[in-house]
Amino acid sequence: MADCIFCMIANKEISSKAVYEDDRIIAFYDMEPQAPVHVLIVPKKHILSLDDLQAEDAELAGYLMLKVKDIAKELGLENGYRLVNNCGEDGMQTVQHLHFHLLGKRKMTWPPG
Ligand code: 5GP
Ligand code: ZN
């Protein structure tokens, strides 16, 4: 979709430091890391948010989730990690293209802010 930062990253119109990519998803380092490892895992299909996921996206969503542990392993997150999705206004979503934050290499706190 035009004017979508993550579509532009997926289409290589904006550069990013990718850690994983295939025909359906891309994972790249967040430009404002909140942990020593902070990667965004993004479906290439333009889906606005978790709230906009449709039944037809079930396979893609499951595929992405199953890739999380592989990407985490590749990044050396053997001691654990946190996967975050910010959804909508109250969730503080700032980029309107579905993405999951994979954070690791530090001890997380709970509850989140
Ligand atoms: P959200 O707040 O929507 O959950 O997360 C959006 C994330 O995208 C933020 O952590 C922000 O730092 C990151 N981000 C926004 N624009 C870019 C960009 O152009 N490149 C990269 N690598 N990260 C971005
Ligand atoms: Zn998009």
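**A five-strand sheet, its helices and two pockets**

D3 is exposed, with a relative accessible area of 73%, a figure that puts the residue in the exposed class because exposed here means over 50%. The model is a predicted one, and D3 is a convenient place to enter it. This residue sits in the segment before helix 1. Its backbone has a positive phi of about 70°, although D3 is not a glycine. Most residues other than glycine have a negative phi. K105 is another case: its phi is near 70°, again positive in a residue other than glycine. K105 belongs to the segment after strand 5.

The sheet comes next. It is open, has 5 strands in the order 1-2-3-5-4, and is paired in the antiparallel sense. Strand 1 (18-21) and strand 4 (81-84) are at the edges; each has a single partner strand, so one side of each is left without a neighbour in the sheet. From one strand to the next, the twist averages 20°.

Starting from the edge at strand 1, the chain passes to strand 2 through a hairpin of 3 residues. Strand 1 and strand 2 run antiparallel and are joined by 3 bridges. Within this pairing, E21 stands opposite I26 of strand 2. Strand 2 then pairs with strand 3, also antiparallel, over 5 bridges. Here F28 has L40 in strand 3 as its bridge partner. As for exposure, strand 2 is mostly covered, with 4 of its 5 residues buried. Buried means under 20% relative accessible area.

At the other edge, strand 4 is joined by 4 bridges to strand 5 (residues 100-104), and the two run antiparallel. R82 stands opposite L103 of strand 5. In a regular strand the side chains alternate between the two faces of the sheet.

What lies across the strands? Helix 2 (residues 58-74) does: it lies across strand 1, strand 2 (25-29), strand 3 (37-43), strand 4 and strand 5. Helix 2 runs at about 155° to strand 3.

The strands also contribute to the pockets. The largest pocket has a volume of about 870 Å³. It is lined by 33 residues, of which D30, Q34, H38, N86 and H101 are the closest to its centre. Helix 1 (5-10), strand 2, strand 3, strand 4 and strand 5 are the elements that give two or more residues to this lining. By class, the lining of the largest pocket consists of 16 nonpolar, 12 polar and 5 charged residues.

The second largest pocket has a volume of about 200 Å³. Its lining has 13 residues, and the closest to the centre are N79, G80, K105, R106 and K107. K105, already met for its positive phi, is thus part of this group. Strand 4 and strand 5 each supply at least two residues of the lining. The residues that line the second largest pocket divide into 4 nonpolar, 4 polar and 5 charged.

One further backbone feature remains, in the segment after strand 5, where P111 is found. The peptide bond from W110 to P111 is cis, with omega near 5°. Most peptide bonds are trans. The segment after strand 5 therefore holds both K105 and P111.

Notes:
Residues are numbered from 1 along each chain as its sequence is written. Chains are lettered from A and ligands numbered from 1 in the order in which they are written. This is a predicted model: local features need pLDDT of at least 70, side-chain atom pairs count only at pLDDT 80 or more; totals for chains, interfaces and linings use all residues. Side-chain values use heavy atoms; hydrogens and water are left out. Two strands pair if DSSP finds at least two bridges between them. Axes are lines fitted to C-alpha atoms, for helices over the stretch in contact, and angles run from 0 to 180 degrees between N-to-C directions. Contact means heavy atoms within 4.5 Å. On a 1 Å grid over the protein atoms alone, a cavity is a set of points where a 1.4 Å probe fits but cannot get out, and a pocket is an open set with protein on both sides within 12 Å along at least five of seven lines; lining residues have an atom within 4 Å of a point. Grid points are joined across faces, edges and corners, and a volume is the space filled by probe spheres set on the points. Ala, Val, Leu, Ile, Met, Phe, Trp, Tyr, Cys and Pro count as nonpolar, Asp, Glu, Lys and Arg as charged, and the others, Gly among them, as polar. Buried means under 20% relative accessible area, exposed over 50%, partly exposed in between (1.4 Å probe, protein chains only).
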